[in-house]
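Reader: I would like a close look at one part of this protein, its cysteines, and then at how that part sits within the whole. Please keep it plain.

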Amino acid sequence: MMRKRFSRILVAVLIIAGPPKGGHYVRAQQEEAGSPRQQSQVTLLQINDVYSTIPINGAGGLARVATLKQRMSSGGHPVLMLLAGDFLSPSVASSVFKGEQMIATLNAAGLDYATLGNHEFDFGINVLKQRMAESSFTWVVSNVVDAKTGGAIGKAVPYAVKTIGGLKIGFIGLCITSSSIVPAWRNDFRFSDPMASAAKYLPMLKREGVNVVVALTHLEFREDRAIAQKFPEIDLIVGGHEHYPITTVEGHALISKAGSDAKFAARLDILRKPAPAATVERFFELIPVTSEIPDEPKTAAIADGYEARLGKELDTVVGTSTTALDASNERLTKETALGNLIADALRDDVKADVGISNAGGARGSRVYPAGPITRRTLLSIHPFGNIACKIAVTGQVLREALLSGVSMLPIGNGRFPQLSGVTMKVDPKATGDSRVTDIRVNGQPLDLNKTYTIAMPDFVMNGGDGYTMFANRTVLVDAQSGDLIVTALEKYIAARGTVSPSVEGRVTIAP
């Protein structure tokens, strides 16, 4: 069965990287007796950015990943499952269980090592510590500590060493430190530069005599590449944060990212040649996680149990949309119907002049079809528990915010502003103030000296996604008195019964 399964997927690549410089590529015969991969001493099974325990549109599912691990472990072959951050949140279930369902399911699936992603901070340090206490796997966190104590968060360790399959493998864990961390909780944690933390702990691994070094990271791809260039002693970077598969060699290191929601799992086989060559050979394979892989029963039972507990309440229909709601990555670069709906609901909820919603706040990575809208759909679209807030700022500050919101174009970014009550023209090729022109608030030209009220998520109000210009402004509705954004959405849709959001030219982008 296993032989047949792997014969249908991507041809693996053997990457030989021996001192002093990176090596060359050789096609690997996947499961042939005596093939290099068959001789590997240990296999790493990688997932990252997993927000659902069950399949989404037929792909993914932690019970299937558990089956993969069991298959790879057949005959006593050593396998370690790694998760490169982002799994406690966001999701419909996490809005209810605060990540408890992920820990229970990952425990059952046989996860061995995990590091923090930016969404492990979504519920604050106390919930994170509780989730760590419930876990049976090792959390490797090299560059984040408890701000209050200065020590490790819960039972996290700054590095780990595992002797398995005749190898001594060392792990460090490096987490992103950008504005994607929820501002309300940043002060609970103390972040160190990932590069500095790698420089601190890699020598410790060397002193422990490891012969394979793995960096388990949740960083932007450019940061992973920089770390690989800086530290040639790293053999593999098992990474996350980007939601699409990435595999490359940078210097000596193989960098692997397996997408999101376990739609793929990366198989990384390691074979260390003995001295005098002492090379580390790595075989890579990206495995589609589909219905062809059966569920591991114990893992499936736990995942399904949490799904059942969500109850019928989430399936209550609150209204209907006559148009599809696009929560794909299109929202990160342009105006969308869903973005307009969210911004309109925010603005209506707190009665503001303008509504601004950071595009990254809407989730789902899918297009929700026209038809009935349930509470479950709304939680899937906006799962973070963010709150509708209202502040007063001058037109100058509003202009700064809009400029910041489109500053990354044409690259997609979570800060891209979905708007209500304001329109603008954007030239991505322009620099400075000329990038945004013809700003109008409710049809009238923006007055830089006038005071406007703005509705936004508390995440944005507190400086998230780079909106630092909103910090310390006059707050009219704060996070203690505002509605949850999902509540604001439900109220807005329910009051109308039927909504028909569309792209209206609120953000006009020059080609």
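How many disulfides does a search of the whole structure find?

Author: The search of the whole structure finds zero disulfides. This is a predicted model. A disulfide is a covalent bond between the sulfur atoms of two cysteines. For a pair to count here, the two cysteine sulfur atoms must lie within 2.5 Å, and the search returns no such pair.

Two cysteines can be described by their surroundings. Cys175 has a relative accessibility of 1% and therefore counts as buried, the limit being under 20%. Cys389 is likewise buried, because its relative accessible area is 0%.

Burial can also be followed at two threonines. Thr105 belongs to helix H4, which runs over residues 100-109. With a relative accessibility of 0%, Thr105 is buried. Beyond its neighbours within four places in sequence, Thr105 is in contact with Thr53, Leu62, Thr299, Ile302 and Ala303.

Thr247 is found in strand S13, made up of residues 245-250. Its relative accessible area is 38%, so Thr247 is partly exposed, a class that lies between 20% and 50%. Once neighbours within four places in sequence are set aside, the contacts of Thr247 are Leu254, Ile255 and Phe284. Thr247 and Thr336 are 89 residues apart along the chain, and their C-alpha atoms are separated by 31 Å.

Now the whole protein. Its secondary structure consists of 13 helices and 30 strands. The radius of gyration is 24 Å, close to the 24 Å that the globule rule gives for 511 residues, so the protein is as compact as a globular protein of that length. The C-alpha trace spans about 75 × 50 × 45 Å along the principal axes.

Of the 511 residues, 56% count as buried, and Cys175, Cys389 and Thr105 are among them. As for contacts between residues at least 6 apart in sequence, 74% join residues at least 24 apart.

The accessible surface comes to about 20,100 Å², and carbon and sulfur atoms account for 52% of that area. Charged side chains number 54 positive and 49 negative, with the centres of the two sets 4 Å apart.

To return to the request: the search finds zero disulfides, while Cys175 and Cys389 are both buried.

Technical notes:
Residues are numbered from 1 along each chain as its sequence is written. This is a predicted model: local features need pLDDT of at least 70, side-chain atom pairs count only at pLDDT 80 or more; totals for chains, interfaces and linings use all residues. Side-chain values use heavy atoms; hydrogens and water are left out. Helices (H or I, at least four residues) and strands (E, at least two) are DSSP runs, numbered from the N terminus. The radius of gyration is taken over C-alpha atoms; the globule rule is 2.2 Å times the number of residues to the power 0.38. Buried means under 20% relative accessible area, exposed over 50%, partly exposed in between (1.4 Å probe, protein chains only). Contact means heavy atoms within 4.5 Å. Accessible areas come from the Shrake-Rupley method with a 1.4 Å probe; for residues, only the protein chains shown count as cover. Lys and Arg count as positive and Asp and Glu as negative; His and the chain ends are not counted. The place of a charge is taken as NZ of Lys, CZ of Arg, CG of Asp or CD of Glu.
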